Amino acid sequence: MDDIVFVTADSVRADYVDEMEYVSSFDVETGMTAAQYTRPSLASIHASSYESVLTGRVKEPTLAEALSAAGYTCLGLSPNPNTDATFGFAEGFDRYDSFIEPGNRGSGLRQYLANFDLLRRIYYKFYPPHAKSENRPRDREVVEQAIEWFNAAEGPRFLWVHLMETHRPYGAGEDAVSEDLDQKAFFKPDKLTDAEEAEIDRKYRQSLQRADENIRHLLAEIDSDDPAFVFTADHGEGFGDDGYYFHQPQLRRVDDCLVEVPVVFDGVDADGPCSLLDLTPTIAASAGADVADRWDGNNLLETDTDYTITIAPWHEQATVLWQDFERRLVSRDARVTFEHRGDTAEVEDEVPEELQGQLRDLGYVE
């Protein structure tokens with residue numbers, strides 16, 4: 001059985017992937033996200049589940065569980081509080097690290113306040129996403145730890161790494177968009193000058209280039225001759241599209257800039273446009289692992305994907321996008337209920353208090 005390296009990067013738009021020279025050297029397909037921000041999107045990828053979109057939690061069985069049952073040593077590293085074990089992301093992994101700092105607490109009112117523009121403005125003024133970005137590990141540190149874990153593990157190995165520096169503010173220190181410019185883009189995008197728009201665009205492109213180099217470094221340094229390599233993003237990013245910047249999950253947007261992301265299958269015989277829910281059954285099947293009946297995605301080794309569904313949840317409502325790669329049908333701010341073999345799920349977004357401060361530092365007012 002071949003080793004598998006699965007890399008996700010935060011906030012990578014499909015139409016910016018050319019900035020990633022190494023990733024673009026592979027055949028790049030277009031994938032449609034199942035959600036508009038990190039936690040429900042990544043949860044739905046690992047669980048191949050629409051229920052995970054609505055609940056923001058990984059529904060078992062997971063990709064790692066399937067691969068573990070097939071004999072893989074499973075390793076996961078994701079420096080993002082959205083992917084903490086609290087939400088089920090560690091299930092099936094032999095070693096897992098979300099790099100959560102203890103003691104970072106926040107208010108239980110935070111998510112509620114996100115619904116009110118004035119209160120959100122006040123909150124972001126005092127707690128911008130730069131607040132703790134210097135305290136999170138840089139992507140290169142995460143990659144070096146991933147290499148160490150991988151090379152010490154018994155094969156076959158499955159490695160998942162999530163890269164964070166492509167998320168607003170696109171790095172730390174001098175690499176990042178300044179706090180003043182970030183706030184202006186978030187709250188007054190119509191007031192940005194051409195030079196300011198170009199500065200945000202430049203910082204974002206540079207973050208993609210750094211992510212690309214980190215992926216190249218990862219694949220060069222692991223002791224695996226020819227691993228299967230899969231790459232995608234959790235969602236895209238807005239840069240003035242329809243009048244907003246960044247992905248702002250509380251807006252419940254399902255625009256192309258947010259839902260279209262690059263997908264690479266190398267060593268996995270799959271192609272064509274797809275839903276990101278298709279990744280788990282396709283990777284599992286390629287590795288000879290069982291494809292779970294309850295997974296909602298398609299095994300692309302056997303079935304083409306004719307249409308995709310994206311759900312953008314926030315509190316009790318969600319925007320829903322159905323598309324078949326030619327036509328789009330959008331239902332704005334709907335109440336969504338998901339039923340599967342007797343199980344029912346609705347939109348929920350409760351976050352443990354100990355993680356709320358971490359999410360605040362990423363710009364999520366939760």
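In the predicted model, strand β2 is joined to strand β8 (residues 274-275) by two bridges, and these two strands run parallel. Within this pairing, M32 is placed opposite S275 of β8. Strand β2, which spans residues 28-32, also pairs with strand β7 (residues 260-266), here in the antiparallel sense and over five bridges. In that second pairing, G31 faces V261 of β7. Strand β2 thus has a parallel partner in β8 and an antiparallel partner in β7. In general, the strands of a sheet pair through backbone hydrogen bonds, in either the parallel or the antiparallel sense.

A further sheet is open and consists of three strands in the order β9-β10-β11, with antiparallel pairing. Its edges are formed by β9 (308-314) and β11 (328-334), each of which pairs on one side only. On average, neighbouring strands of this sheet are turned by 10° against each other, direction being ignored. Strand β10, comprising residues 317-323, pairs with β11 over five bridges in the antiparallel sense. The bridge partner of L321 in β11 is V330.

Helix α8 covers residues 194-221 and contains 28 residues. The distance from its first C-alpha to its last is 41 Å, close to the 40 Å expected at 1.5 Å a residue. Buried positions of α8 include I200, Y204, L208, I215, L218 and L219. Polar and charged residues also appear in the buried set of this helix, among them K203, S207, D212, N214 and H217. The buried residues of α8 pack against both strands and helices, namely β1 (4-9), β5 (157-163) and β6 (228-233) together with α6 (139-152) and α7 (179-187).

The largest nonpolar core comprises 80 residues, and F158, I215 and L218 have the most contacts inside it. Helix α8 supplies the largest share of this core, with seven residues. Apart from this core lies another, of 10 residues, which includes A35, L277, I311 and V336. The surroundings of L218 illustrate the packing of α8: residues up to four places away in sequence being left aside, L218 touches V5, V7, V143, A146, I147, L159 and V161.

The structure holds 19 salt bridges. One of them is formed by the side chains of D3 and R157, with an N to O distance of 2.9 Å. Because D3 lies in the segment before β1 and R157 in strand β5, this pair ties together parts of the chain that are 154 residues apart in sequence. Both D3 and R157 are buried. In general, side chains of opposite charge can pair when their charged atoms come close.

R253 takes part in two salt bridges, one with D242 and one with D255. In the pair with D242, the closest N and O atoms are 3.5 Å apart. D242 and R253 are both located in the loop between β6 and α9 (256-259), 11 residues apart. The side chains of R253 and D255 meet at 2.9 Å, N to O. The two acidic partners differ in their exposure: D242 is exposed, with a relative accessible area of 59%, whereas D255 is buried, with a relative accessible area of 9%. Elsewhere, R138, E165, D175 and R210 are joined into one network by salt bridges that share partners.

Methods
Residues are numbered from 1 along each chain as its sequence is written. This is a predicted model: local features need pLDDT of at least 70, side-chain atom pairs count only at pLDDT 80 or more; totals for chains, interfaces and linings use all residues. Side-chain values use heavy atoms; hydrogens and water are left out. Helices (H or I, at least four residues) and strands (E, at least two) are DSSP runs, numbered from the N terminus. The expected span of a helix is 1.5 Å times one less than its number of residues. Buried means under 20% relative accessible area, exposed over 50%, partly exposed in between (1.4 Å probe, protein chains only). Contact means heavy atoms within 4.5 Å. A nonpolar core is a set of buried Ala, Val, Leu, Ile, Met, Phe, Trp, Tyr and Cys residues joined through side-chain atoms within 4.5 Å. Two strands pair if DSSP finds at least two bridges between them. Axes are lines fitted to C-alpha atoms, for helices over the stretch in contact, and angles run from 0 to 180 degrees between N-to-C directions. A salt bridge is a side-chain nitrogen of Lys or Arg within 4 Å of a carboxyl oxygen of Asp or Glu.
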